[in-house]
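Here are my notes on the model you sent over. I've kept them as numbered points so you can reply to each in turn.

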Amino acid sequence: MQYAPPTHVLTVLSQLFSPMSLGPLTLPNRIVIAPMCQYSAEEGRASDWHAMHLGNLAQSGAGLLILEATAVEPRGRISWADLGLWDDETEAALAQVLASVRRWSSMPLGIQLAHAGRKASTARPWDGGRQLPADDANGWATVAPSPVPFHATDPAPEALDEAGIAEIIAAFAASAVRAERLGFELIEIHAAHGYLLHQFLSPLSNRRTDGYGGSLPNRLRLLVEVFDAVRAAVSDKVSVGVRISATDWVDGGWDLVQSEALAQILDARGCNFLHVSSGGLDERQKISVGPGYQVPFAAAIKAKKLRMPVIAVGLITEPEQAESILRHNQADAIALARGILYDPRWPWHAAAALGDSLVPSPQYLRCEPREARNVFRAR
């Protein structure tokens, strides 16, 4: 007998499975799959791996899937195997992957646009992850706000002049146009984890004396200009937000107070969400890692009474933990990364644990009707 979902509607019991809006984009629940680099692209072009990887995550039941850090120009890749969206070839390759994913899933899709700056030109993690010199077959010269390398032994990056900065702003905007053309409903600007926009924010990496360095407003300037350029490049149907590192975990670096100031500025400019992570800029960082260790940063920023939602991330692994964060008003949504790689059906299991309802995909119901009936109650 073919399974037919009940027609009645159950009362939503949990915050985690209540709908929410990120500007123009409404999500069916508050579980976000965070961007995770796959190091499996070919000259920036999405590969068969991406169809498998994203197809799996798109069946998870999460409210939103954000694709990995996607470089806006070739030298903005972390490694030579990173995903890109800078020309017709990279756009066409990603379009093919997305067509496959969307054929079987209606999950909202977002993309994280990024530039690695001085942390670019590296080997893949499983090849050691070291920075490759410009004369290496897989390497290139890197750029940054100042000629200060990430590791003391790395080649010094080239300090961007104002013309170079303008080119990068234009590259973000051009990639945003491509992203909307591909049908992405959300764009996340990557200003975290020690990559280029974060490098401009932090006084540890930004030693400039011009209009892009020194004072806090000057150090914020590039990110604000990139946000404005991306927002102007796409229609009001696309949600545009930012991911930040709330602190460098190093004395004298970027910190929560500066992050709160940035959040208020972005909020006033119409930012649709803020995704709060931490670290990645300085090898001296000392991070106190534990369950939900970054949630206090999200909570502090949310307490500034912003209009935009705040997404928390970082060792949030249990459904009850995620629910508690939302119920205590520490964040508006929960992002998962490694946890959902470990358990690609985490949202289904969370729904069962919280006594809530989640509609599994028709494909799952067709293949496993008994298990579906036992675990889930359809809305």
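Which residue in E8 is the bridge partner of Gln112?

1. That partner is Glu188. Keep in mind that we're looking at a predicted model. The pair belongs to a wider match: strand E5 (residues 109-114) runs parallel to E8, and four bridges join them.

2. E8 has a second partner too. Strand E9 (residues 239-245) pairs with E8 in the parallel sense, this time over six bridges. If you want a spot to click on, try Leu186, which stands opposite Ser239 in E9.

3. How many residues of strand E8 (residues 186-191) are buried? Six of the six are, so the strand is largely enclosed by the rest of the structure. Go through it face by face and you get Leu186, Glu188 and His190 on one side, with Ile187, Ile189 and Ala191 on the other, all of them buried. Note that Glu188, the bridge partner of Gln112, is on that list of buried residues.

4. Strand E11 (residues 310-313) is also covered on both faces. Val310 and Ala312 are buried on one side, and Ile311 and Val313 are buried on the other. E11 pairs with strand E10 (residues 274-277) in the parallel sense, over three bridges. Within that pairing, His275 has Ile311 as its bridge partner.

5. Now a loop residue. Ile78 sits in the loop between strand E4 (64-71) and helix H2 (88-104). Is Ile78 buried or exposed? Its relative accessible area is 9%, and residues under 20% count as buried, so Ile78 is buried. Beyond its neighbours within four places in sequence, Ile78 is in contact with Cys37, Tyr39, Ala116, Lys119, Ala120, Ser121, Thr122 and Tyr195. Gly129 is 51 residues away from Ile78 along the chain, and their C-alpha atoms are separated by 9.5 Å.

6. Ala62 is another loop case, placed between helix H1 (48-57) and E4. Ala62 counts as buried, at 5% relative accessibility. Setting aside the neighbours within four places in sequence, the contacts of Ala62 are Asn29, Ile31, Ile33, Met107 and Pro347. Ala114 is 52 residues from Ala62 in sequence, and the C-alpha to C-alpha distance between them is 23 Å.

7. Trp104 is in helix H2. With a relative accessible area of 41%, Trp104 is partly exposed. Between Trp104 and Ser21 there are 23 Å in space, C-alpha to C-alpha, for 83 residues in sequence.

8. Stepping back to the whole protein, there are twelve helices and twelve strands. The radius of gyration is 21 Å, close to the 21 Å the globule rule gives for 379 residues, so the protein is as compact as a globular protein of that length. The C-alpha atoms fill a box of roughly 70 × 45 × 40 Å along the principal axes.

9. On burial and contacts: 57% of the 379 residues are buried. Of the contacts with a separation of 6 or more, 72% are between residues 24 or more positions apart.

10. Last, the surface and the charges. The accessible surface comes to about 15800 Å², with 53% of it belonging to carbon and sulfur atoms. There are 34 positive and 40 negative charges, and their mean positions are 6 Å apart.

Terms used
Residues are numbered from 1 along each chain as its sequence is written. This is a predicted model: local features need pLDDT of at least 70, side-chain atom pairs count only at pLDDT 80 or more; totals for chains, interfaces and linings use all residues. Side-chain values use heavy atoms; hydrogens and water are left out. Helices (H or I, at least four residues) and strands (E, at least two) are DSSP runs, numbered from the N terminus. The radius of gyration is taken over C-alpha atoms; the globule rule is 2.2 Å times the number of residues to the power 0.38. Buried means under 20% relative accessible area, exposed over 50%, partly exposed in between (1.4 Å probe, protein chains only). Contact means heavy atoms within 4.5 Å. Accessible areas come from the Shrake-Rupley method with a 1.4 Å probe; for residues, only the protein chains shown count as cover. Lys and Arg count as positive and Asp and Glu as negative; His and the chain ends are not counted. The place of a charge is taken as NZ of Lys, CZ of Arg, CG of Asp or CD of Glu. Two strands pair if DSSP finds at least two bridges between them.
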